[in-house]
Amino acid sequence: MSDDYLVRIGKLIRDARQHRGWTQAQLAEALGTSQSAVNRIERGNQNISLEMIARIGEALDSEIVSLGYAGPMHLRVVGGRRLSGAIDVKTSKNACVALLCASLLNKGRTVLRRVARIEEVYRLLEVLGSIGVRSRWINDGVDLELVPPAELEMAAIDAEAAVRTRSIIMFLGPLLHRMDHFKLPYAGGCDLGTRTIEPHMIALRRFGLDVAATEGQYHAQVDRTVRPGRPIVLTERGDTVTENALLAAARHDGVTVIRNASSNYMVQDLCFFLEALGVKVEGIGTTTLTVHGVPNIDADVDYSPSEDPVEAMSLLAAAVVTESELTVRRVPIEFLEIELAVLEEMGLDHDRSPEYFADNGRTRLVDLTVRPSKLEAPIDKIHPMPFPGLNIDNVPFFAAIAAVASGQTLIHDWVYDNRAIYLTDLNRLGGRLQLLDPHRVLVEGPTRWRAAEMMCPPALRPAVVVLLAMMAAEGTSVLRNVYVINRGYEDLAERLNSIGAQIEIFRDI
């Protein structure tokens with residue numbers, strides 16, 4: 001950008017900041033940068049990317065500044081490069097969004113450490129902010145502080161942000177304790193086929209919640225005379241279903257037993273957080289949870305969510321597909337043991353460090369070093385199961401891994417209606433994947449990847465799988481409209497570049 005444009009952009013940013021009533025320090029804190037950097041930007045003395053202009057526009061809620069947000073984000077990938085060095089796994093996206101919803105249980109101040117700065121978190125913060133929850137990034141933008149109002153302003157809810165995240169469904173559990181009736185926009189998120197909220201309702205009706213879905217909204221009514229008198233048996237061992245039941249039980253005045261509960265990583269993190277709020281939870285890590293509710297929660301709590309096993313699997317897959325030696329640090333090993341067992345059967349050469357604890361003091365971590373390996377297709381099909389089985393979200397990464405292995409691999413993604421279809425996008429990059437039905441894909445390897453330009457699949461994990469294949473393909477590929485990747489990964493392109501990838505972020509002008 002020319003100096004003249006930098007000065008004009010700086011004036012726009014200054015005017016928008018002053019219109020909002022913010023100081024330079026407040027804007028700096030929202031952006032996770034320094035006040036001196038904001039000062040330089042406003043004076044036109046610092047080069048500024050379109051990505052930073054877009055972030056400033058979002059922080060200031062300014063349409064003038066957001067004109068710099070020229071359109072969807074795309075990635076230009078120069079493939080065929082080997083990765084090297086070491087990379088840390090970031091905190092769990094799914095745990096962070098559950099804890100944001102759980103903060104509604106607390107009347108006091110909640111601080112969450114090392115929160116993933118991803119689109120899913122930003123959308124939930126927009127929703128929380130619209131109903132009166134004050135949030136701010138602290139400690140150089142690393143941690144997040146949340147302070148609720150005395151009364152939530154549900155009539156002012158940001159519907160546009162809410163419909164872009166399925167996590168909004170987890171507002172039902174905490175809100176039923178705060179008001180007798182309320183409305184929520186329909187849940188959105190990835191395009192993974194039809195998913196009803198009926199398993200949530202079967203659990204939450206036991207707490208007196210009745211929901212009618214009309215005109216794009218959930219209309220919720222709460223009958224305070226209804227209380228769970230016997231154990232709640234979940235009809236689906238789903239993660240968000242279990243979390244919603246936990247959130248409802250946390251402030252129920254009594255003991256609630258939840259059976260057929262998920263024991264997955266984000267559920268465990270939520271249980272640890274509830275314990276920090278003073279709620280006793282027995283059976284963490286099992287399929288039966290006993291919750292001793294606390295009707296009034298007013299605590300200043302400080303909690304560190306653990307690392308993300310699915311991101312860890314993404315990074316391991318990146319090393320395998322690009323035939324690289326890479327150390328992935330802070331891997332939550334308890335939630336990747338089955339995946340590693342399958343990879344060992346396929347011939348993966350890797351080492352792991354002794355175990356150590358995450359910052360929450362409960363989750364076990366290791367450092368994994370992966371080396372180039374001659375992989376063979378597994379004898380059995382790859383299919384997900386509830387924890388401690390192979391994680392549902394890790395199944396797509398095995399499509400890319402199977403593509404570089406010798407032989408045929410059957411992948412059976414029985415959980416989602418559409419996701420297996422998106423895996424066939426790898427054929428555009430030289431893969432040989434045959435769709436047998438909406439849930440089963442037959443992968444033939446090894447693959448000679450080739451560069452291509454294509455649209456990003458509308459589901460998070462298949463989108464990342466396509467990016468990994470582009471990193472392995474000789475030549476330059478383009479992946480267009482990667483918003484879905486930004487929903488679940490923080491600065492993924494930059495972090496992959498730090499270990500040897502060559503990925504450029506660009507936008508249409």
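A nonpolar core is a set of buried Ala, Val, Leu, Ile, Met, Phe, Trp, Tyr and Cys residues joined through side-chain atoms within 4.5 Å. The model on the screen is a predicted one, and this tour visits its cores, its sheets and some of its salt bridges.

**Stop 1: the domains**

Begin by colouring the chain in three parts: domain 1 (2-60), domain 2 (73-90 + 307-507) and domain 3 (93-303). Between domain 1 and domain 2, the C-alpha centres are 36 Å apart.

**Stop 2: the nonpolar cores**

Select Phe171 and Ile485. Within the largest nonpolar core, which has 156 residues, these two touch the most other members. Next, display helix α16 (residues 460-472), which supplies the largest share of this core with 11 residues. Domain 2 (73-90 + 307-507) and domain 3 (93-303) each contribute at least three residues to this core.

Which residues does Ile485 contact, leaving aside its neighbours within four places in sequence? They are Cys456, Leu460, Ala463, Val464, Leu467, Leu479 and Leu492. A separate, second core holds 14 residues, among them Leu31, Val38, Ile41 and Ile53. In soluble globular proteins, nonpolar side chains tend to be buried together.

**Stop 3: an open sheet that includes β1**

Select strands β21, β22, β1 and β23, which form an open sheet of 4 strands in that order, with mixed pairing. At its edges are β21 (453-455) and β23 (502-507), and each of them pairs on one side only. Direction ignored, neighbouring strands in this sheet are turned by 20° against each other on average.

Now restrict the view to strand β1 (residues 73-79) and strand β22 (residues 475-480); they run antiparallel and are joined by 5 bridges. Pick Val78, and its bridge partner in β22 will be found at Thr476.

**Stop 4: an open sheet that includes β5**

Select β4, β5, β3 and β13. These 4 strands, in that order, make an open sheet whose pairing is mixed. The edge positions belong to β4 (134-138) and β13 (301-303); each has a single partner strand, so one side of each is left without a neighbour in the sheet. From one strand to the next, the twist averages 15°.

Within this sheet, 3 bridges join β3 and β13 in the parallel sense. Thr110 has Val301 as its bridge partner in β13. Add helix α6 to the view: α6 lies across β4 and β5, and runs at about 140° to β4.

**Stop 5: strand β8 and its partners**

Show the side chains of strand β8 (residues 217-222). Which of them point to one face and are buried? Those of Tyr218, Ala220 and Val222 do so, while Gln217, His219 and Gln221 point to the other face and are not buried.

Two strands pair with β8. Strand β6 (residues 181-185) runs antiparallel to β8 and is joined to it by 5 bridges; here Phe182 stands opposite Ala220. Strand β7 (residues 209-214) also pairs with β8 in the antiparallel sense, over 6 bridges, and Thr214 stands opposite Gln217. The hairpin of β7 and β8 has 2 residues between the strands, and in this hairpin Glu215 takes a positive phi near 50°.

**Stop 6: salt bridges**

Side chains of opposite charge can pair when their charged atoms come close. The model contains 29 salt bridges.

Select Arg109 and Glu145, which form a salt bridge with their closest N and O atoms 2.4 Å apart. The pair links distant parts of the chain, 36 residues apart: Arg109 is in the loop between α5 (93-102) and β3 (110-112), and Glu145 is in strand β5 (residues 143-147). Is each side buried or partly exposed? Arg109 counts as partly exposed because its relative accessible area is 34%, whereas Glu145 counts as buried because its relative accessibility is 8%, and the cut-off for buried is under 20%.

Move on to Arg487 and Glu120, whose salt bridge has its closest N and O atoms 2.8 Å apart. Arg487 in helix α17 (residues 483-488) and Glu120 in helix α6 (residues 119-130) are 367 residues apart. Both Arg487 and Glu120 are buried.

The next pair to select is Arg419 and Asp393, with a salt bridge of 3.4 Å from N to O. Arg419 is buried, as is Asp393. To finish, select Glu29, Arg109, Arg136 and Glu145 together: salt bridges that share partners join these residues into one network.

Methods
Residues numbered from 1 in each chain as written. Predicted model: local features only at pLDDT ≥ 70, side-chain atom pairs only at ≥ 80, totals over all residues. Heavy atoms only, no water. Buried < 20%, exposed > 50% of the residue type's maximum accessible area, 1.4 Å probe, protein only. Domains from an automatic or database assignment. Contact = heavy atoms within 4.5 Å. Salt bridge = Lys/Arg side-chain N within 4 Å of Asp/Glu carboxyl O. Pairing = 2+ DSSP bridges. Axes fitted to C-alpha atoms, helices over the stretch in contact; angles between N-to-C directions.
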